[in-house]
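User: Let's go through this model together. I'll ask the questions, you show your reasoning.

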Amino acid sequence: MRILIAALLATASVFSPLNSWAQSADVEATIKAVDAKALNFTLDDGKTYRVPEEFNFEGLKAGVKVLVFYTVVDGNRVVDDLQIVQ
């Protein structure tokens with residue numbers, strides 16, 4: 001029984017780092033440029049963020065301060081949620 005439990009714990013520890021690779025992060029910054037055709041925008045920190053096809057760009061333009069929640073997927077920052085900061 002101890003061997004079985006040890007094997008299960010070892011297996012779980014091998015797969016646990018996979019979960020940490022897809023963690024979400026957030027940033028608060030001002031929009032520098034918006035490209036609705038390319039489905040992305042650039043913040044004043046110089047980083048570009050991709051958005052899903054159904055994303056609504058209404059109200060987003062250069063100079064607007066936003067709070068962006070994103071996940072890094074294959075080296076690209078993909079937006080999970082976005083809020084305009086008043």
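Analyst: Contact here means heavy atoms within 4.5 Å. This is a predicted model, where local features need pLDDT of at least 70, side-chain atom pairs count only at pLDDT 80 or more, and totals for chains, interfaces and linings use all residues. Residues are numbered from 1 along each chain as its sequence is written, and side-chain values use heavy atoms, with hydrogens and water left out.

User: Okay, which residues is Thr42 in contact with, leaving aside neighbours within four places in sequence?

Analyst: Thr42 lies in strand S2; strands are DSSP E runs of at least two residues and helices are H or I runs of at least four, numbered from the N terminus. With its neighbours within four places in sequence left out, the contacts of Thr42 are Ile31, Lys32, Ala33, Lys47 and Thr48.

User: Which side chain makes a polar contact with the side chain of Thr42?

Analyst: A polar contact takes a pair of N or O atoms within 3.5 Å; within protein, one must be able to donate a hydrogen and the other to accept it, and residues adjacent in sequence count only if both atoms are side-chain atoms. For Thr42 there is such a pair at 3.4 Å, and the side chain on the other end belongs to Thr48.

User: Does Thr42 count as buried or exposed?

Analyst: Buried means under 20% relative accessible area and exposed over 50%, with partly exposed in between (1.4 Å probe, protein chains only). Thr42 comes in at 18% relative accessibility, so Thr42 counts as buried.

User: Which residues point the same way from S2 as Thr42?

Analyst: Phe41 and Leu43 point the other way from S2, and these are buried too. On the Thr42 side there is another strand S2 residue, buried because its relative accessible area is 16%. That residue is Asn40.

User: Which residues does Asn40 touch, not counting those up to four places away in sequence?

Analyst: Asn40 lies in strand S2. Once residues up to four places away are dropped, what Asn40 touches is Val34, Asp35, Thr48, Tyr49, Arg50, Val51 and Phe57.

User: Zooming out, in what order do the strands of the closed barrel run?

Analyst: Along the sequence the pattern is α-β-β-β-β-β, from one helix and five strands. Two strands pair if DSSP finds at least two bridges between them: S1 and S2 are antiparallel with four bridges, S2 and S3 antiparallel with three, S3 (residues 48-50) and S5 parallel with two, and S4 and S5 antiparallel with eight. The closed barrel of five strands, mixed in its pairing, runs S1-S2-S3-S5-S4.

User: What is the bridge partner of Tyr49 in S5?

Analyst: Tyr49 is in S3, where it is the bridge partner of Phe41, and Phe41 in S2 also has Val34 standing opposite. Over in S5, the bridge partner of Tyr49 is Arg77.

User: And what value does phi of Asp74 take?

Analyst: Asp74 sits in the turn of the S4 and S5 hairpin, which has two residues between the strands. Asp74 counts as exposed because its relative accessible area is 76%. Most residues other than glycine have a negative phi, and most peptide bonds are trans. For Asp74, though, phi is positive, near 55 degrees.

User: Which residue in the turn of the S1 and S2 hairpin has a positive phi?

Analyst: In the hairpin of S2 and S3, with four residues between the strands, a glycine, Gly46, has a positive phi near 90 degrees. The S1 and S2 hairpin also has four residues between its strands. There the positive phi is near 55 degrees, in a residue other than glycine, and that residue is Leu39.

User: Which strands each supply at least two residues of the largest nonpolar core?

Analyst: A nonpolar core is a set of buried Ala, Val, Leu, Ile, Met, Phe, Trp, Tyr and Cys residues joined through side-chain atoms within 4.5 Å. The largest one here has 16 residues, and those with the most contacts inside it are Phe41, Leu43, Tyr49, Val66, Val68, Val79 and Leu82. The strands supplying at least two residues each are S1 (24-35), S2 (40-43), S4 (65-73) and S5 (76-84).

User: Which residues is Val68 in contact with, leaving aside neighbours within four places in sequence?

Analyst: Val68 is among the residues with the most contacts inside that core. Without neighbours within four places, the contacts of Val68 are Ala25, Asp26, Val27, Phe41, Leu43, Tyr49, Val79, Asp81 and Leu82.

User: Last one: of the contacts between residues at least 6 apart in sequence, how many percent join residues at least 24 apart?

Analyst: The protein has 86 residues, 23% of them buried. Of the contacts between residues at least 6 apart, the share joining residues at least 24 apart is 44%.
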